[in-house]
Every structure is written in structure tokens, then in C-alpha cells.
Amino acid sequence: MSPVRRAQFEIPVVREEIEASGRMYRYALVRRDLCDTPDWLRARMGLGDRGQVLHLVCVHYADNNPYQYEDRWINLAALPNAADVDFSETSPNEWLVETVPFSDAEISFSATASDEVLASHLGCAVGNPLFLAERSTWWRGEPITYVRMVFQRGHRMTTRF
């Protein structure tokens, strides 16, 4: 029988990733909404009929060039204190990594074509191919967050374990 092979991924703090490459980091909160959990997110995360989520959209910059578009949903049943966080100075990525552990994660990687929204935030043309990573995390069965991260053309993700 062959040994089980696993890839391990750390959840990187985008600011640290950019600064480690010698570039200047900047962050902008584009949108912050407290809303009822959409049906598609309930189904995806196994949320059932639980109340509200915090929806955040932000852009991370490296040397003032768009680096990552982050579209994130936080389950307020699991993290009610997230509703009180401003997120105008600290990104949800960094806050979550510092605030809550995760026991399970699902990560998907794919390509996507830039639409008008992505093109406006990432400074590219509509239809450009972009790198897309989607990640869901849970803590002991409790859904924590779902995030859709879209990176500039040519982005490369490397992991070592």
C-alpha cells in the first residue's frame, strides 16, 4: 500500500507575503456589509438557517500596484466580535489569522477571466486571465469563513512541506 501523500498550506498573511518580497504593502477596504447569509453560502459552508454574515471586499497592493482582490464572508455565529471590527486599517486576512485557529480547510485553485469589477480593482482589461484561489475554513466543525482571492496576471503560488 502506498503511503498517504498530503500537501500542507499555511494561510499566509498577505501583508507579510508582500513585505517579504521587498515591496511596500498597502490595503484598501472597498466594501463592508452586514447581511443575511445568502443561500449559496449556507449550502457551501453547511450553515443551515443561521443568521448573518459579514461580507468584506478589499484590495491588497504591492508597491501601489493591485496584488490581490479579496471577497470574504465571515460567519458571525462563529465570530460575533467580527461585526464590531472596523477593518479599515487591518485586513480581514490578517485579523482572522491572528484571532481564530482553524481545524479544517478546503482550498480550490483555478483560472478566471476578469470581469468589469475585477478589471477596475486589479487594473487589467476585461477578459484577462487571472489566478483564483477559494478557501473555506472551519474550527471543529463550525464554519468560520469563505474567501475568494483573485490575483494579478502571472501570479504564482508555491508551497513547500
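**Exercise 1. Find which residues L96 touches, leaving out those up to four places away in sequence, and place L96 in its core.**

Solution. L96 touches R72, I74, L79, I144 and T145 when residues up to four places away in sequence are not counted, contact meaning heavy atoms within 4.5 Å. The model is predicted, so that local features need pLDDT of at least 70 and side-chain atom pairs count only at pLDDT 80 or more, whereas totals for chains, interfaces and linings use all residues. Residues are numbered from 1 along each chain as its sequence is written, and side-chain values use heavy atoms, with hydrogens and water left out.

Next, take the largest nonpolar core, which has 24 residues, and in which L96 is listed with L54, I74, L79, A82, F87 and W95 as having the most contacts inside it. Such a core is a set of buried Ala, Val, Leu, Ile, Met, Phe, Trp, Tyr and Cys residues joined through side-chain atoms within 4.5 Å, where buried means under 20% relative accessible area with a 1.4 Å probe, protein chains only. At least two residues of this core come from each of α1 (14–20), β1, β2, β3, α3 (92–99), β5 (129–139) and β6 (142–151); helices (H or I, at least four residues) and strands (E, at least two) are DSSP runs numbered from the N terminus. Another core, of eleven residues, lies apart from it and includes V57, L118, A119 and L132.

**Exercise 2. Determine how strand β2 is paired, and how many of its eleven residues are buried.**

Solution. Begin with β1 (residues 25–36), which runs antiparallel to β2 and is joined to β2 by eleven bridges; strands pair if DSSP finds at least two bridges between them. In this pairing Y27 stands opposite H60 of β2. Then turn to β3 (residues 65–75), which pairs with β2 in the antiparallel sense over ten bridges, with V59 opposite Y69 in β3. The hairpin of β2 and β3 has two residues between the strands, and D63 there takes a positive phi near 50 degrees. Finally, β2 (residues 52–62) is mostly covered, since ten of its eleven residues are buried.

**Exercise 3. Decide whether T137 is buried or exposed, and list its contacts.**

Solution. T137 lies in strand β5. Its relative accessible area is 4%, and T137 is therefore buried. Not counting residues up to four places away in sequence, T137 touches I11, M45, F102, D104, A105, E142, P143, I144 and T145.

Methods
Buried < 20%, exposed > 50% of the residue type's maximum accessible area, 1.4 Å probe, protein only.
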